[in-house]
Amino acid sequence: MVVILALLPFYIRGYWIRVLTTLFMSAVLAEALNLVVGYAGYAAFGNGVFFGIGAYTTAVLMTRLGWSFFPAMAASCFLAAALAFILGWPVLRLRGHYFAIATIGINMAVMEIVTYIGITGGGKGISLPIYPGNIVKQGLFFYYCMFILLILSVAITYWVANSRLGYGLRAIKTEPEAAEVMGVNTTLYKVLAWSISAALTGVAGSINAYWLTFLEPLFVFDIMISVEAFVMVLLGGPATIFGPVIGAFFLKLLSELIWSQFTLIHMGVLGLIIVIITLFLPSGIMGLWRQITLRWSKVRTTAANQ
């Protein structure tokens, strides 16, 4: 699959290059959120704040200070992770809906700050330099940037899931008090998970900013960025390696199909489908796949014994 996606841009048109680039970005956001939602069990509805931080850091560094893109992207990654690390110590001591509300509040507060700071362009927005090259090269550049970031995010999730950090996060999600008694530094583990999530989200925001070449606070700090990523995690299967990616692919392609068939009411139709899927697939697509595999295995075992 990785090889197919790597070679696909040479066989498809510009429209689908853009669709797949957006799809990769959504999958990265979902995979990053999965570290907090899926493994730690914390509903971070304001995680999109790091998307905006990454976008505006890149924009300011490139336009005001003349930095090139990749150093600006690295700075965006660091700043997003640093913000999560600093805010994580007090905020991650909250639980349940208190934490969810706090993350939404952080998102709104940062958006207001960016709106009223002159260096960011304020409410008028800020324009970034255009990628040097024709439209074909531009499409390929951002396609592979998002594609590589997606591979990196999956690899990081795999590493976290199979590391001491991952086991600690699962323990925190199941029974935080018992995990702390067993010697798990619960606050540190949650802060580290949120920082890694923020770093990936910040890089996605950085790439997206350079790709779009224009930013405004209401767009990059939109709370729906976090909500949509949250739905992707639940749809694909939380606390799984590939679940968020599958959820992102499914939701985005379904959205594209519905948009083409139901131009005026596509959001309502899509929302209804999401509710139905969530009700009947509480463990996500990966959970359904595990159930089918388990039942098939039992059928084969029974048939072999007979």
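The chain carries 16 positive and 9 negative charges, and their mean positions are 9 Å apart. Lys and Arg count as positive, Asp and Glu as negative, while His and the chain ends are not counted. Each charge is placed at NZ of Lys, CZ of Arg, CG of Asp or CD of Glu.

This is a predicted model, in which local features need pLDDT of at least 70 and side-chain atom pairs count only at pLDDT 80 or more, while totals for chains, interfaces and linings use all residues. Residues are numbered from 1 along each chain as its sequence is written, and side-chain values use heavy atoms, with hydrogens and water left out.

**Overall form**

The chain has 14 helices and two strands. These are DSSP runs, numbered from the N terminus: helices are H or I with at least four residues, strands are E with at least two. The radius of gyration is 20 Å, close to the 19 Å that the globule rule gives for 306 residues, so the chain is as compact as a globular protein of that length. That radius is taken over C-alpha atoms, and the rule is 2.2 Å times the number of residues to the power 0.38. Along the principal axes, the C-alpha atoms fill a box of roughly 70 × 50 × 35 Å.

The chain exposes about 15,600 Å², and carbon and sulfur atoms supply 72% of it. Such areas come from the Shrake-Rupley method with a 1.4 Å probe; for residues, only the protein chains shown count as cover. Buried residues make up 49% of the 306 residues. Buried means under 20% relative accessible area, exposed over 50%, and partly exposed in between (1.4 Å probe, protein chains only).

Contact means heavy atoms within 4.5 Å. Among contacts between residues at least 6 apart in sequence, 78% join residues at least 24 apart.

**The core**

A nonpolar core is a set of buried Ala, Val, Leu, Ile, Met, Phe, Trp, Tyr and Cys residues joined through side-chain atoms within 4.5 Å. The largest one has 89 residues; Phe24, Leu150, Leu169, Trp194, Ile207, Leu215 and Phe221 touch the most other members. Helix H2 (residues 14-39) gives the most to this core, with 15 residues. Trp194 has contacts beyond four places in sequence that include Val36, Phe50, Leu87, Phe99 and Ile106.

**Single residues**

Four residues can be set side by side.

| Residue | Place | Relative accessibility |
|---|---|---|
| Leu5 | helix H1 (residues 2-7) | 8%, buried |
| Ser206 | helix H9 (residues 186-212) | 0%, buried |
| Ala239 | loop between H11 (223-236) and H12 (243-261) | 30%, partly exposed |
| Pro244 | helix H12 | 0%, buried |

Neighbours within four places in sequence are left aside in the contacts that follow. Leu5 touches Phe24, Tyr143 and Phe147. Its C-alpha atom is separated by 9.2 Å from that of Leu20, 15 residues apart along the chain.

Ser206 is in contact with Gly54, Ala55, Thr58, Phe69, Met73 and Ser76.

Pro244 is in contact with Ala30, Glu31, Asn34, Met232, Val233 and Gly237. The C-alpha atoms of Pro244 and Ala229 are separated by 8.4 Å, and these residues are 15 apart along the chain.

Backbone angles come last. Ala239 is not a glycine, yet its phi is positive, near 60°. Thr213 is not a glycine either, and has a positive phi of about 70°. Thr213 is in the loop between H9 and strand E2 (214-215).
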